[in-house]
Amino acid sequence: MSRKFNWRTLERRWQRKWSLSRIHEAEPVRGKTKYFVTAAFPYPNSPQHIGHGRTYTLADVNARFHRMRGYNTLFPMAFHLTGTPIFAMCKRLQAHDPEIIRTFTHIYGIPKSKLEYLKEPLNMARYFRDEIRKGMVEIGFSIDWRREFTTVDTLYSRFIEWHFRKLRALGLITRGTHPVGWCPNDNGPVGYHDTQGEVEPEIGESFLVKFERDGVVYPTATLRPETVFGVTNLWLNPTANYVRAEVDGETWVISKDTVEKLRHQNRAVKVLREVDPKDSFWKTVENPATKSPVPILPGEFVDPSNGTGVVMSVPAHAPYDLQALNDLKGKESGSDRAAQVDSVKPFPIIRLEGSSDLPAEDIIKEFHVADQKDPHLEDATKELYSREFHRGIMMENTGTYSGLSVGQAREMVVQEFTRNGKIAKLYEIKNRPVFCRCGWECVVHILSNQWFINYGDHEWKKLAHDCLASIALLPEDSIGQFNYTIDWLKERACARKVGLGTPLPWDKEWIIESLSDSVIYMAYYVLAKFVSKKWMAFKKLEKLSPEIVDGFFGYIFLGEGNPDTVTRSTGLPRRILDAIRGEFLYFYPVDMRHSGKDLIPNHFTFYIFHHSVLFPRERWPKGIVANGFVMMEGTKMSKSLENIIPLRQGIAKYGADPIRIGVMATAELGQDTDFSETLVTSIQEKLVSLMNQTRKLGHKRKGAMSSPSSLDKWMLSRLNDAVKEATGSMEKLRVREVINRILYQLDNELSWYQRRSAVKSSKTDNRTSVLRKVFEARSKMLAPVAPHVAEQMWHALGNKGLASMVNWPDFDAGLEDPVAEQGEWLIKELLSDTGEIVKATGLKPGKVVYYAAPSWKWRIYMSSLESASTAKISQGVFLSKVMDDAEMRKLGKEAADYATKVVQQVRETPEGLRQSRLKAGRLSEKEILRQAREFLSKELKAEVDVWEAKEAGAYDPKGRARFAEPYRPAILVE
RNA sequence: GCGGGGGUUGCCAAGCCAGGUCAAAGGCGCAGGGCUCAGGACCCUGUCCCGCAGGGGUUCGUGGGUUCAAAUCCCACCCCCCGCACCA
């Protein structure tokens, strides 16, 4: 039946009502507290999928919750078009890339006929923006759509210009050189989406150590410049092509492949002539560190495209070098070179605990390396590098570096040798080869005059830390990552030459990059509402001079300058200007900003940085929540696995509310959650059954409750507890807990209530009234999470208006009923204990007898609870207190034994339970059990008798009554 | 390497910060029963081992420690995941 349920109809009905009632449109209301929620806006180069749904659903739940708690809540949305991914996608479509076509048609479900249209970047952006917006409406997000904008809107660009001029005026913009991944064919930078297989080109730093002979430099590329002291020889590949070239005024011998590489790294390279490596072999060059001569030898393992094709050999510490040297010795043995080769002897310069004088030799043995082409050699090298880096100490033969750790020595060697020109930096693509989509291999290119935002500024960092300290973070343990990021950030390139976006106002060749133009846009939502009215005044404003436009932004966002002047210069009516400024002051700052946890090391932290320096403290962000990702049936979502469900397809297939709950229900905030078909179907069933139950309760309101039974009170007390817990959890956005409490736990309690009341006489039947109360509160608490279902339930119960707009239920201390709670607890425990006995003994019970605890035990028990509530209860003190009581003394050992036992028991009872039992006071167990007799009898399928221990005439053939204790009646099963 | 998150009973996943009804919530799966013509759904019951009286034993990555008491606190170690820059 649930499968046939028409979610679409339900959703449309309520979405239409929300829209007609404009309940999501927020306007400033004087005297009413506001709550401003934002979520990271989407980038429209693909449809949103269920994973995005998690962040936005959470934001929506938060917004709806606050709305119900009486906050004037604003939740807007916009679209981020800045950058290159849209371009990249269009380019691939234009090139008829089969992979992207498959993704579009197969996963995204876009008709083939649409593809032509999508080849145009702005068309694509428009298409996916519409798609995403529709999805957000269909899943029921309570967004104020009047504030929508995109980051390429003209006025937005003016806003970003203002933002950047501000930063520059504050001295936070710097300029310098910067290495980037680059395609020599396209002549432009490459990001991961520009490469084959979408791999990010990783840039690594290596060093050129310059060996010299007669004014000719052999620049050897290495990651370990500190080992220069242990060099025995250089290697050139005898089969590779080398050239002699003039590089920045020096004469270098390098592999042919190196020429272009150096040019991309801003070196002036003039090739003089090709050289045969064989001409260099057996000659010697001077070691720049030790000044001693070392020979150049042939090594086939040398990769001419890696580094410079010139390698320094440190056989004591580099497995490759040692292996190559040994191979060479073998090859040349007996030849007239043998003596010379044999004279090349490895010697150590780093001491490594637990290693011989030749750590490289040890590791080669350890890894069972056969020759210089053995793949194990690579692993051996990595392992030794790592060991020496962490545990190695420089030896006496390294001069002033002696005694230093390898890490320290490297830093100092680089510093000192760079100063005298003997070491230079060389960048490499670490994970090479990386190929551009056009087919060319990517290289490292150094951009000169790159613009940066200087997050390394100390004052700024301090401000950012201050700002962070004032932000409520969810989950709380993400604080470490934030602090780390703030400390670690330094200069960050903030502009590129390609892509959509706003040109840098003072250097229009550069376009402000996408992570930099999206850090203060939340403020723009205020303005966007006015701009969307398309008044001429804004059209005019867009075209005014920077001074005037900056004056405008400075006034509305920072209160700078004078409104009269701004009005005069912009031509914007004073009334409008005041309204914008007023609305900004009303809604700003953002109370909670939502996104995935992947944005902590970038966007979230930038957001903090920029707000801290641009805005006064009272406009700093108040809260940040970083949620985990969504997995699909236990695996990561990925295009190649084709397990991405676009949100709209998901809604159509499963319904909006089941998806909303599906992404929230099975994991806590920061944890990744798993979405699966079985999960979402079970949620569907749950929701449908809720709606059915509500429908059965019907519209009719019954009169007031007749005197409620203990069971009724228990149910209301549980409901009240659910309200309390759900509220607390919601405040911390622990939505999983909320769902668990109001959907599942409450269901268990309801089913206990119904099971227990099934045998009750109908005279005092309050069942319907109690159930109505439960379902009414439940529909309210469900409203933020599953708004469509909640509205339906609310309506079915005969309520007018919208559940989304009523007040969230309040905790009512008056409904707390410890007596009823403890009474039911007693019965439940008793039932389960009896079952345990039945199971253990294998008896088929015909008669079950219960004995309630005698009053003297209750006195001791209650007294122990009291003692434990004020101080740590101690055996001796409590015992003597009990024995002070004449009546107890009369009971003698029996009382003492019980008192001793009870101390231990009470000590192990959790605080909350102790409190509750203390509040409940002494239970009239016998009465409670007598009332539950019929129920117990039915459950146990046996006759049930209840006595108080030692009651006159009690049936107690086995003398069990004496075991009765408070909350633990004695049991006899026959 | 640096930083962050995590390892819980068949699976998923709470609990851990604030130690004590914790053999450990909830869901899934599995088994038995009820309901039903039947299946599904739904509702009970069970699901580490032992137990003819509500009990006992052994468990929360590994090894130590603190405590009357440890999944929870401390120390050391092992394993998995994520981020480390110009990219949204």
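**The protein surface near RNA strand B**

Helix α29 gives the most to the surface near RNA strand B, contributing seven residues. The model is a predicted one. In total, 56 residues surround RNA strand B, and those that come nearest are Y43, H178, A493, R496 and E908. By class, the residues of this surface comprise 22 nonpolar, 18 charged and 16 polar.

On the RNA side, sugar or phosphate accounts for 52% of the strand B atoms within 4 Å of the protein, and bases supply the rest. Individual polar contacts involve each of these parts. Y484 places a polar side-chain atom 3.0 Å from a sugar or linking oxygen of RNA strand B. With E668, a backbone N or O atom is 3.2 Å from a phosphate oxygen of the strand. A base nitrogen of RNA strand B, in turn, lies 3.0 Å from a backbone N or O atom of P969. Two or more residues of the surface near the strand come from each of the helices α15 (479–488), α21 (600–614), α26 (735–757), α29 (818–841) and α33 (893–908), and from each of the strands β19 (491–493) and β29 (970–973).

The cysteines are a separate matter. How many disulfides does a search of the whole structure find? The number is zero. For C438, the closest cysteine sulfur is that of C183, and the two sulfurs are 3.5 Å apart, which is too far for a bond because a disulfide requires the sulfur atoms to lie within 2.5 Å. C438 is partly exposed, at a relative accessible area of 35%, whereas C494 is buried, at 1%.

Terms used: Residues numbered from 1 in each chain as written. Chains lettered and ligands numbered in written order. Predicted model: local features only at pLDDT ≥ 70, side-chain atom pairs only at ≥ 80, totals over all residues. Heavy atoms only, no water. Near = heavy atom within 4 Å. Polar contact = N/O pair within 3.5 Å; in protein donor to acceptor, adjacent residues only side chain to side chain. Helix = DSSP H or I, 4+ residues; strand = E, 2+ residues; numbered from the N terminus. Nonpolar A, V, L, I, M, F, W, Y, C, P; charged D, E, K, R; others polar. Buried < 20%, exposed > 50% of the residue type's maximum accessible area, 1.4 Å probe, protein only.
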